[in-house]
Amino acid sequence: MGKYLKGQVVPQRPDYLLAVVHAIRAACMTDSDSRGLASDALLDARVWRERHQAVMQARKEENLRAQLGQQAAFDLAMAESKARRDALADQPRPVSEWTAAQLQVHPAISGAVPPPVGGFVLPAYVTRPHDQQLAACLAQCAAGQHGSVVVVRAGSCSGKTRSAFEALSAVPALADWALVFPRTAGGALGLLAAQAFTPRTVMWLDDAQHYLESAEGEALAGSLLSRLAQPGPVIVLVTIWSSSYTALTRSDDGAFPSGGTHSHIRTLLSGAVTVDVPATFSERELSVLQRSSDPSLRAAGKLTREGKVTQALAAGLELVDRYEAASDPPACYTRAMISAAMDATRLGWDSPLPHGFLRDAAPGYLTDTQRAAAPEDWFDRALIDARTKVQRVAAPLEAVPLPEGMGAQADVSRLADYLDAHGRTTRAHLSPPPVFWSAAVTHATETSHLRGLMLSAADRRRFKAAAQLARKISEAENTDPTPVLDWLREQTEVQEEAENLPSQGPETDPARYSALARMKASEQKHGEAEHFARLAFEAGDRRVYRILIRINEESGNPAEAERMCRLAAKSGDTRVYAQLAYKVKDDEEAERLAQFAASVGQSFVYRHLAGKRYVEGKEKAAESLLHKAADAGDRYSYGFLALHHERSGDHEGADHFVRLAGEAGDTSAHRDLAHMRERTGSAGAAQLPSNMTSERPSINGPLAVESEMVGNREEAVRLAHLAAREIRGIYGVLALIREDDGDQEGAEQLARLAVAAGDLAVYPNLIRIRKEGGDHQGAQRLARTEFD
């Protein structure tokens, strides 16, 4: 009753309350001691009815005030959210309103005569198999109810952005969606914070390596994962370099105390639907170009090399040609600036690059004669030259737009994508000159750049520069540099110990470091083996990692062998991509590595992976790999596809692929198909072979060489035995490959087989290789063997 009186507990209906009061009053009437209370106001029904009405009215008013307060808070939050969205520099717009130029599709060269004045050249589009795959992925994502990430992966200037742009237009379900294109990782974080990434919106992240490798990359990936977990269909459409994708999805090996992690980035990319864009056009696709009426496509068809049409369209090939040919003044000064920019971007310094850095670092890339011939205004002239566009499409050094608004940032430039990718490949094994590091210490300011450069300097044993960069990081972050400096001091002592070892040759004798690396690897001291291998590699021994790969394989340590493969690839030894792709057990990882191998001219790796899949009973996967090999320019894959279709009973398909094989230069495919039909008696009756290569006896020689290069040595020797009757020098070729891999014993065994087969040139070739590599003892031993 006390709570009733205070209004703390009051029934919604008054009759319930009055019934309780009436019952109490009746009880009082029957009790002589309490009878006097029955007439008291405490049990007066009228008083309780009025009290109930007052309490309910107060509650109504309180609820109304609460509702008004909540509505005001909601309206304020919505107004603030709208204000944040309206203030965004990157606003969502309907997909149909975005142009190719606005989404940073590379402009193309013009084949028109005379060329157009200004404007954006967008040639006709040649649809390829990956375009259908990408459009199907986007259509499926648009029909879903949850967030999706679609990754379009390829090398620089391979058509990633154009493929993504065309796929958006090809999916009708996306016509009424919005698209938002943040220019930076910070801009993307701002969009997410402002809740502008609403359902039925595409977030366009072109060249996503620039977003994810920045200081805000991990935070951006984490925020995107949180948004994707919320209801409502959204699509994050990513284009990215294949090399960056591999680096960002690889687990952190903790090789350096302050290396950091990128677990959110790895989760975001690994969980995405991935579509690979081939770096080259197939023979069929090139024939479409030849018949095209588009002047840009016709011009690209004439300029292209090895089917690299998109690279020719984007003027990438001409950029590289000009860079490589610039050896004399004044062009050499432009080349020196570009070389410094290449080293900076590949060693951890994201764009923009200050012109002061380029000016101070460039002299280290010039000879004394070139520096002496430089005029006073050499840098200004070189900068003008580097900013001049090739074919009106791309310049070696490009202006960097302001983060917001119009215009370009002052005194900074960005290296052209294609030259960046070219530098990462061709300069991977080179260490920058000392002046590069001093210029980097002077001009780098952002901690993410400083940290990347510090790690790169330590990795290349430039510990003094690494220590200077570490101090700049500690000053910027107000942290204690002692742990990092202690580690660098320890590594310096290890280096000095190695450099003070007795040697018969000069201080940069690679044979000494290589011998130490082999010794440490055989003792299972992997850290020290890696250390001396790097010294040997920088001193000129390009085979040292391959030697360590073989030692670890022979000692039953496949994990360490694979790690050495990755280090060799990272150092610029592109040969090992073939071995690494063939060795790894994970099918997806193998295919990713095969793509890298194909990008450096080893497209046959796809075909050898297809052979493995056949043995494993994965015929569909094998066929898919054969198509990828053909698209990457592997002429023998069409012949294998012909045999695959023949075995499946598709005679028309078999004949079709035989014709394609002939057009690609594989003139023996028709003989192998005829041999299969004769051997089986009826088309399609062939059993699945234990090894796919046994179906192509006419190309046993090339297959033997390829098998040796992917590390399948037993198969290589078997095929060489079959080919030796027609190709006398096949054993000698395999011997040279093994010598190049550092397997001298294996090379000498094959050399003896070569001599027995009549190939007398093998020993002089091996002797020459060993002399050039500084192995004079090995060369003398071979000379005595040759004499015997």
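Helices H27 and H28 cross in a left-handed sense in this predicted model. Helix H27 spans residues 558-570 and helix H28 residues 576-583; they pack at an angle of about 145°, and their axes lie 9 Å apart. If you would like to see who makes the contact, look on H27 at Glu562, Cys565, Arg566, Ala568 and Ala569, and on H28 at Val576, Tyr577, Leu580 and Lys583. Sorted by class, these contact residues are six nonpolar and three charged, with no polar ones.

Now turn to another helix pair. Helix H15 (residues 331-346) packs with helix H18 (residues 378-386) at an angle of about 75°, and their axes are 9 Å apart. Angles of 65 to 115 degrees count as roughly perpendicular, so H15 and H18 are roughly perpendicular to each other. From H15, Tyr333, Thr334 and Met337 meet a group in H18 made up of Trp378, Phe379, Ala382, Leu383, Asp385 and Ala386. This contact of H15 with H18 has seven nonpolar residues, one polar and one charged.

Let us finish with the sheet. Six strands form an open sheet with mixed pairing, in the order S1-S3-S4-S5-S2-S6. At the edges are strand S1 (93-94) and strand S6 (273-276), each pairing on one side only. The partner of S6 is strand S2 (residues 148-154), and these two run in the parallel sense over four bridges. To find one of the bridges by eye, start at Val151, whose bridge partner in S6 is Thr274. Helix H4 (residues 129-143) packs on this sheet, touching S2, S6 and strand S5 (234-241), and its direction makes about 160° with that of S6.

Methods. Residues numbered from 1 in each chain as written. Predicted model: local features only at pLDDT ≥ 70, side-chain atom pairs only at ≥ 80, totals over all residues. Heavy atoms only, no water. Pairing = 2+ DSSP bridges. Contact = heavy atoms within 4.5 Å. Axes fitted to C-alpha atoms, helices over the stretch in contact; angles between N-to-C directions. Left-handed = near helix turned anticlockwise from the far one by under 90°. Nonpolar A, V, L, I, M, F, W, Y, C, P; charged D, E, K, R; others polar. Parallel < 35°, antiparallel > 145°, perpendicular 65-115°, else oblique.
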